[in-house]
Amino acid sequence: MAHADLDLLFDHLIKLAQKLLQENGEFLPLGAVVETDGQVRYVAAMNDKEYPGAQPLLDILTAEFRSMAVSGAIRASGICLDVLVTPDHDAPKRDAIQCRMEHSNGEALDVFMPYSKDPSGSFRYEEVYATKFEGCTFPPPPST
């Protein structure tokens with residue numbers, strides 16, 4: 001079971017990603033944090049290029065979240081991406097929304113929601129699945 005802060009982040013990020021997909025057919029990386037007081041705040045990444053691509057924005061968000069975590073300003077962070085996934089080795093790549101979320105308690109999850117667009121232009125979302133990863137945003141807890 002994910003920490004309640006990660007559930008909160010996922011809810012905010014997935015709704016915004018779905019809205020952007022419906023309006024634009026795609027989206028660039030977007031982020032959100034849970035501040036120490038429990039409030040969710042969206043965090044935008046920008047650089048000086050009109051079409052920067054996903055990786056530069058992902059790098060900016062990652063660096064900003066690390067800085068916020070070190071300063072103690074946040075207790076959870078999440079980055080949402082439009083990705084391609086392969087559910088198993090024999091399956092073709094599929095579109096998915098990925099939410100990479102980390103908590104100050106050390107919990108780190110990648111949550112994926114595969115999707116497809118039907119001929120009418122409506123998006124169909126499939127069952128969500130999650131995998132754990134080694135977090136890198138928050139400093140490790142002090143050893144005892």
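Which residue lies over the face of Phe133? It's Arg100, at 3.8 Å from the ring centre. Keep in mind that you're looking at a predicted model, and let's walk through the rest of it.

## The overall layout

The protein chain has two helices and seven strands. If you start at the N terminus and follow the elements along, they run α-β-β-α-β-β-β-β-β. With a radius of gyration of 16 Å, against the 15 Å that the globule rule gives for 144 residues, the two values are close, so the chain is as compact as a globular protein of that length.

Want a feel for the dimensions? Picture a box along the principal axes: the C-alpha atoms fill one of roughly 55 × 35 × 25 Å.

## Inside and outside

How much of the protein chain is buried? Buried residues make up 36% of its 144 residues. On the outside, the chain exposes about 8700 Å², and carbon and sulfur atoms supply 52% of that area.

Now for who touches whom. Take the contacts in the protein chain with a separation of 6 or more: residues 24 or more positions apart account for 52% of them.

## A cluster of rings

Time for some aromatic side chains. The count comes to four aromatic pairs. One of them is Tyr115 with Tyr125: the ring centres are 6.2 Å apart and the planes sit at 50°, so this pair counts as tilted. Where do the two partners lie? Tyr115 is in strand S5 (residues 108–117) and Tyr125 is in strand S6 (residues 123–125), so their pairing ties together parts that are ten residues apart in sequence.

Another pair is Phe123 with Tyr125. Here the centres are 6.4 Å apart, but the planes are at 20°, so the pair is stacked; the cut-off for that is planes under 30 degrees apart. Put these residues together and you get one aromatic cluster, formed by Tyr115, Phe123 and Tyr125.

## Buried or not?

Which members of the cluster are buried, and which are partly exposed? Tyr115 has a relative accessible area of 5%, so it is buried. Phe123 is buried too, with a value of 12%. Tyr125, the residue that pairs with Tyr115 and with Phe123, is partly exposed, at 29%. The line between the groups is drawn at 20%, because buried means a relative accessible area under that value.

Note on methods: Residues numbered from 1 in each chain as written. Predicted model: local features only at pLDDT ≥ 70, side-chain atom pairs only at ≥ 80, totals over all residues. Heavy atoms only, no water. Phe/Tyr/Trp six-rings, centres within 6.5 Å; stacked < 30°, edge-to-face > 60°. Helix = DSSP H or I, 4+ residues; strand = E, 2+ residues; numbered from the N terminus. Buried < 20%, exposed > 50% of the residue type's maximum accessible area, 1.4 Å probe, protein only. Lys NZ or Arg CZ within 6 Å of the ring centre and 35° of its normal. Rg over C-alpha atoms; globule rule 2.2 N^0.38 Å. Contact = heavy atoms within 4.5 Å. Areas by Shrake-Rupley, 256 points an atom, 1.4 Å probe, with all protein chains shown as cover.
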